[in-house]
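Here is an informal walk through one protein chain, from the overall fold down to a handful of individual residues. Have the model open while you read.

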Amino acid sequence: MSSNDRISLLVSDIDGTLVTKDKVLTPATIAAAHRLQEAGVRIALASSRPPAGFAMLAEPMRLKAPIGAFNGGAILNPDLTLIEETLVNPEAARVALATFEEFRIDAWLFTRDTWYVFDGNGAYVPKERRTCQIEPVVVDTFDPYLDRIGKLVGSSADFGAVEACEATLQNRLGRGATAKRSQPYYLDVTPFGFDKGEATRRIAKVLGVPLAEVAVIGDQANDLPMFEVAAYKIAMGNAIDSLKSKADFVTDDNEHDGWAAAVERYLLPRAALADPA
């Protein structure tokens, strides 16, 4: 990238990028977000999180741009009012649930406003509760909710099982849905064709920003689609190697304010070229 590249929008991943491993939004990150927006660069968030998982971030960061929940399956305003939504196909959901059971990994179902689980004591339920600050609803069957699924998740402490399930499930789903790991312990099933690259496209379109003026930042394999569509790519210091290899810059890790450092080093110098927000 040259020093003359114009940046008007930053689309950021959340977990492993914007927040620490303890899901903390640090004072340095909040301050950097304020400075970047004051300099004319809008900030949007894209994540596999459900909409409720964005609420605790939008207010302190003073976000005004849309958010992409469920990897872009739902595009919402920062106040969580809906702009557009695409749901997981019910038949694809049944395939996913059967495959989760086959690989003995826990199944979760998210609608736009509710998180359903079979086991309220599952290994990663406390982590998800803390991350998204929502309570799960324990049910015996997901059948009543199959026509309103934003995302399904398979979760397990057996990382090998999650990885193997991903390969098997994506093959079975074909064009019925998309299955990608967001963490070694989470396998997300979202509407077919929806990933963070599509979320980036949709958010930029809503804002009227050309992709040539979009920067992205992330850390995991499910952030690769963002890197494929945006002009300006930043990997966290804790990012996987395949993401770092495609980045224009690599910042510090998420435990050492890497997001704030990226704003200061790589984005603010180009923010002067952007129009006021």
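What follows starts with the whole chain and then moves from residue to residue.

## The chain as a whole

First things first: this is a predicted model. The secondary structure of the protein chain comes to 9 helices and 14 strands. Measured out along the principal axes, the C-alpha trace spans about 55 × 35 × 35 Å. How does the radius of gyration sit with that of a compact globule? For 277 residues, such a globule would come out near 19 Å, and the protein chain has 18 Å, so the two agree.

Buried residues account for 57% of the 277 residues. If you take contacts between residues at least 6 apart in sequence, 60% of them join residues at least 24 apart.

## Surface and charge

The protein chain exposes about 11,300 Å², and carbon and sulfur atoms supply 48% of that area. On the charge side, there are 29 positive and 38 negative side chains. The centres of these two sets lie 3 Å apart.

## Cysteines

How many disulfides does the model have? The count comes to 0. As a reminder, a disulfide is a covalent bond between the sulfur atoms of two cysteines.

Two cysteines are worth a look for where they sit. C132 has a relative accessible area of 1%, and C165 has 0%; both fall under the 20% cut-off, so both count as buried. Each of them turns up again below, C132 as a contact of M56 and C165 as a contact of T99.

## Two helix residues: M56 and T99

M56 lies in helix α2, which covers residues 55–61. Is M56 buried or partly exposed? Its relative accessibility is 22%, so M56 counts as partly exposed; the cut-off for buried is under 20%. Not counting residues up to four places away in sequence, M56 touches R49, T131, C132 and Q133. The C-alpha atoms of M56 and L25 are separated by 9.2 Å, with their positions 31 residues apart along the chain.

T99 belongs to helix α3, residues 90–102. At 0% relative accessibility, T99 is buried. Which residues does T99 contact, leaving aside its neighbours within four places in sequence? They are C165, T168, L169 and R172. One of these partners, T168, is 69 residues away from T99 in sequence, yet the C-alpha to C-alpha distance is 8.0 Å.

## Three buried loop residues: T111, G150 and N71

T111 is found in the loop between β6 (106–110) and β7 (115–117). With a relative accessible area of 4%, T111 is buried. Beyond its neighbours within four places in sequence, T111 is in contact with F70, Y116, R148 and G150.

That last partner, G150, has its own loop, between β8 (137–138) and β9 (151–155). G150 is buried too, at 2% relative accessibility. Again leaving out neighbours within four places, G150 contacts F70, L87, V88, F110, T111, V189, T190 and P191. So F70 appears in the contact lists of both T111 and G150. The C-alpha atoms of G150 and W108, 42 residues apart along the chain, are separated by 11 Å.

N71 sits in the loop between β3 and β4 (74–76). At 5% relative accessibility, N71 counts as buried. With the same four-place exclusion, N71 is in contact with S47, S48, T190, F194, D195, K196, A199 and N222. T190 is a link here, since it is listed as a contact of N71 and of G150.

## Positive phi outside glycine

Where in the chain does R62 lie? R62 is in the loop between α2 and β3 (67–69). R62 has a positive phi of about 60°, although it is not a glycine.

D257 is another residue with a positive phi, near 55°, and D257 is not a glycine either. D257 lies in the loop between β14 (249–250) and α9 (258–271). Its relative accessible area is 30%, so D257 counts as partly exposed.

Notes:
Residues numbered from 1 in each chain as written. Predicted model: local features only at pLDDT ≥ 70, side-chain atom pairs only at ≥ 80, totals over all residues. Heavy atoms only, no water. Disulfide = S-S within 2.5 Å. Buried < 20%, exposed > 50% of the residue type's maximum accessible area, 1.4 Å probe, protein only. Helix = DSSP H or I, 4+ residues; strand = E, 2+ residues; numbered from the N terminus. Contact = heavy atoms within 4.5 Å. Rg over C-alpha atoms; globule rule 2.2 N^0.38 Å. Areas by Shrake-Rupley, 256 points an atom, 1.4 Å probe, with all protein chains shown as cover. Lys, Arg positive; Asp, Glu negative; His and termini not counted. Charge placed at Lys NZ, Arg CZ, Asp CG, Glu CD.
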